[in-house]
Amino acid sequence: MKAQEIHGMTDDELSTKLNDLKEELFNLHFRHATGQLENPNVINTTKKDIARIKTEIRARELRANN
């Protein structure tokens, strides 16, 4: 997920996407533990997407408080 895609999302869309990614990360960890995950790099990509979304949410909070 690109940063520009995240910047274009609304607050509700960001929250929904964040919850979806957290659920996906949980499932990826489970599949990795059981040996069903073919590409473990997907876990790192998902973590980075979560971090990007959290960063954007926090930046919007800071802009709203100023």
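**Exercise 1. Decide whether L18 is buried or exposed, and place L18 in the fold.**

Solution. L18 has a relative accessibility of 11% and therefore counts as buried, given that buried means under 20% relative accessible area, exposed over 50%, and partly exposed in between, with a 1.4 Å probe and protein chains only. The model is a predicted one, in which local features need pLDDT of at least 70 and side-chain atom pairs count only at pLDDT 80 or more, while totals for chains, interfaces and linings use all residues. Residues are numbered from 1 along each chain as its sequence is written, and side-chain values use heavy atoms, with hydrogens and water left out.

The next step is the position of L18, which lies in helix 2, where helices are DSSP runs of H or I with at least four residues, strands are runs of E with at least two, and both are numbered from the N terminus. Leaving aside neighbours within four places in sequence, L18 is in contact (heavy atoms within 4.5 Å) with I50, I53, K54 and I57. The C-alpha atoms of L18 and D49 are separated by 8.5 Å, although the two residues are 31 apart along the chain.

**Exercise 2. Work out which residues form the largest nonpolar core, and which helix supplies the largest share of this core.**

Solution. A nonpolar core is a set of buried Ala, Val, Leu, Ile, Met, Phe, Trp, Tyr and Cys residues joined through side-chain atoms within 4.5 Å. Under that criterion the largest core has eleven residues, namely I6, M9, L14, L18, L21, L25, L28, L37, I43, I50 and I53. Helix 2 (11-33) and helix 3 (41-65) each supply at least two residues of this core, and the largest share, five residues, comes from helix 2. In soluble globular proteins, nonpolar side chains tend to be buried together. For M9, a member of this core, the contacts beyond four places in sequence are M1, L14, K17 and R60.

**Exercise 3. Compare the surroundings of K54 and H7, beginning with the helix in which each residue is found.**

Solution. K54 lies in helix 3, and its relative accessible area of 45% makes K54 partly exposed. Apart from residues up to four places away in sequence, K54 touches L18 and K22. From K54 to N27, 27 residues away along the chain, the C-alpha separation is 20 Å.

H7 is found in helix 1 (residues 3-7) and is also partly exposed, with a relative accessible area of 49%. With residues up to four places away again set aside, H7 touches E56 and R60. H7 and V42 are 35 residues apart in sequence and 22 Å apart in space, C-alpha to C-alpha.

**Exercise 4. Explain why the protein chain is described as more spread out than a compact globule.**

Solution. Begin with the elements: the protein chain has three helices and zero strands, in the order α-α-α from the N terminus on. The radius of gyration, taken over C-alpha atoms, is to be set against the globule rule of 2.2 Å times the number of residues to the power 0.38. For 66 residues the rule gives 11 Å, whereas the radius of gyration of the chain is 14 Å, well over that value, so the chain is more spread out than a compact globule. Along the principal axes, the C-alpha atoms fill a box of roughly 50 × 15 × 15 Å. As a last step, consider burial and contacts: 23% of the 66 residues count as buried, and, among contacts between residues at least 6 apart in sequence, 60% join residues at least 24 apart.
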